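Subject: Structure handover and notes

Dear colleague,

I am passing on the structure below, followed by an account of what was found in it. Please read the notes with the coordinates open beside them.

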Amino acid sequence: MSAETLVQLLYLVSTALFILSLKWMSDPESARKGVFSGVGAMTLAVAGTLTGVLATGGTHYWWILGAFALGAAVGYPLAQVPLTAVPQRTALSHAFGGLAAGLVGTAKFFLYYGQKNEAALTPFIVVALVAEILLGFLTFTGSILAAGKLQEVKWIPQRPVTYPGQNASNLALFALALALGVALVLHPLAPWAPWAFGGIILLSLAFGVLLIIPIGGADMPTVISILNAYAGLSAVAMGFVLNNKLLITAGALDGSSGLILSVIMCKAMNRSFFNVLFGAFGQTTTAGAEGEAKAYKSDSVESAAMVMEQADLVVIVPGYGMAVAQAQHKVREVYDLLKKKGVTVKFAIHPVAGRMPGHMNVLLAEAEIPYDDLVEMDEINGDMPQADVVLVIGANDVVNPAARSDKNSPIYGMPIIDADKARAVYAIKRSKAPGFAGIDNELYFLDKTFMLFGDAKAVMGELARKLAGESGH
């Protein structure tokens, strides 16, 4: 078997494993196998690249191994972040991917330009180069800014930054970058070509920032999935430039999965792509600016325990507050105790609860809560009027009735879990601060709702003790 045949065989197996990885990760029971499949695919891809380098007598494979080691050194601590920080960690991964694509495209262009290699700079390749650097550098700065917003970095404004003519000026800059790209396609070896190429890079970097600053925190997870699609498309373009079929396939898988995820998230929030990218969603509003300030009704954990153990059906709605407090194991204790008392317990899962799809599923699966008791929003809403108690743990916008009734609300039209239709509601909340969308939750001011203020882990632990008949002293 020739070295080239071996390389293509490794790439083929790697491609198959990437596809299987996506398929297996779509089901909780096979998700772990999907992760290992993806790791194996990337390992074979690197092995194939090294094999190709060695077969051609190249001596620069040490650079590849050095970059591999450096990437592993950076990647390991990134993998240790808590689950609540996974969205911003994902954004950083996209930033690195976009930067890599942009740098490879830049290196290739200047290599061919320096060689005056007209045969290499065909119109197709130049188009691919322009797409690669445009999407790559745009993804880099956009992802860095998105990660900063999610991490709540002090010098990055969390609220949308808007100004008159913003969309028009952004489109004008993008059009200028495309015009420079067309000029390069027509005259790739012109004396001014390196300056035009550099101009596209600067415009792409600026456009990544300008694209993200008008977007508020509530839409940031969706934006990250869109940036994922951009990173995948830049990898596709890089594959064409390098004539690497695996890069084309892997980039297409990455880009399409990011696009599909964005569609799912937009649907879950009743949003369009255009709305997400340019709508400035997530601006905070001040509730109670007119008339009397709304008041919460607090209750004791002991009272909540008494009501729940007498219920027939308790529906638990997990949210970001549960993730932050790492309360899933305490939730499992309460679940077990209620089940022992003959109470039916279900979990209502909103598609965008937390900061990414599947966030709550992963946390509850970590606590070994049976997957059959995790019910998606569309299915559980039919049971809500029969629920004796709904226990909301750190969720806000996904149970806010304003999404159905208040046309002036920024979340109006977003599908929600109908917690307000249950007979009684208990809500665990760290503070009186509004949710991710920056608005008060009308559910928390209803007569049937009682607040249990405190850290979700501590409150659920106390609830478990009360259900177990312990004094807690």
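Serine 225, with a relative accessibility of 4%, counts as buried, because the cut-off for that class is under 20%. It should be said at once that this is a predicted model, and that the values in this message are computed from it. Serine 225 belongs to helix 8, which covers residues 220–242, and, once neighbours within four places in sequence are set aside, serine 225 is in contact with Gly258, Leu261, Ser262 and Met265.

As for the whole, the protein chain has 473 residues, of which 48% count as buried, and its secondary structure consists of 17 helices and six strands. The C-alpha trace spans about 80 × 55 × 35 Å along its principal axes. If one takes the contacts between residues at least 6 apart in sequence, 77% of them join residues at least 24 apart.

Two of the helices were checked for their span. Helix 4 runs over residues 86–114, and its 29 residues, at 1.5 Å a residue, should span 42 Å, which agrees with the 42 Å between its end C-alpha atoms. Just after helix 4 comes lysine 116, with a positive phi of about 55 degrees. Helix 5, residues 123–151, also has 29 residues and an expected span of 42 Å, and here too the end C-alpha atoms are 42 Å apart, in agreement. Of the 29 residues in helix 5, 22 are buried, so this helix is largely enclosed by the rest of the structure. Glutamate 152, which follows helix 5, has a positive phi as well, near 60 degrees.

Within helix 4 I would point to valine 104, which at 27% relative accessibility counts as partly exposed. Leaving out neighbours within four places in sequence, valine 104 is in contact with Glu132, Met238 and Leu242; the C-alpha atoms of valine 104 and methionine 238 are 7.6 Å apart, although 134 residues separate the two in sequence. By contrast, alanine 79, in helix 3 (residues 61–79), counts as exposed at 54% relative accessibility, and its C-alpha atom is separated by 9.9 Å from that of threonine 90, 11 residues away along the chain.

How do the axes of helix 1 (residues 3–24) and helix 9 (residues 245–268) cross, and within what distance do they come? They come within 9 Å and cross at roughly 5 degrees, and since angles under 35 degrees count as roughly parallel, helix 1 and helix 9 are roughly parallel to each other. On the side of helix 1 the contact is made by Gln8, Tyr11, Ser14, Thr15, Phe18, Ile19 and Leu22, and on the side of helix 9 by Lys245, Leu246, Thr249, Ala250 and Leu253. Sorted by class, this contact holds seven nonpolar, four polar and one charged residues.

Finally, the nonpolar cores. The largest has 39 residues, and those with the most contacts inside it are Met308, Val331, Phe347, Leu391, Ile393 and Leu463; helix 17 (residues 456–467) supplies the largest share of this core, six residues. Isoleucine 393, not counting residues up to four places away in sequence, touches Ile316, Val317, Pro318, Gly319, Met322, Val331, Ile428, Ala456 and Met460. Another core, of 24 residues, lies apart from the largest one and includes Tyr296, Ile380, Met384 and Val425.

With best regards

Technical notes. Residues numbered from 1 in each chain as written. Predicted model: local features only at pLDDT ≥ 70, side-chain atom pairs only at ≥ 80, totals over all residues. Heavy atoms only, no water. Helix = DSSP H or I, 4+ residues; strand = E, 2+ residues; numbered from the N terminus. Expected span 1.5 Å × (residues − 1). Axes fitted to C-alpha atoms, helices over the stretch in contact; angles between N-to-C directions. Parallel < 35°, antiparallel > 145°, perpendicular 65-115°, else oblique. Contact = heavy atoms within 4.5 Å. Nonpolar A, V, L, I, M, F, W, Y, C, P; charged D, E, K, R; others polar. Core = buried A, V, L, I, M, F, W, Y, C linked by side-chain atoms within 4.5 Å. Buried < 20%, exposed > 50% of the residue type's maximum accessible area, 1.4 Å probe, protein only.
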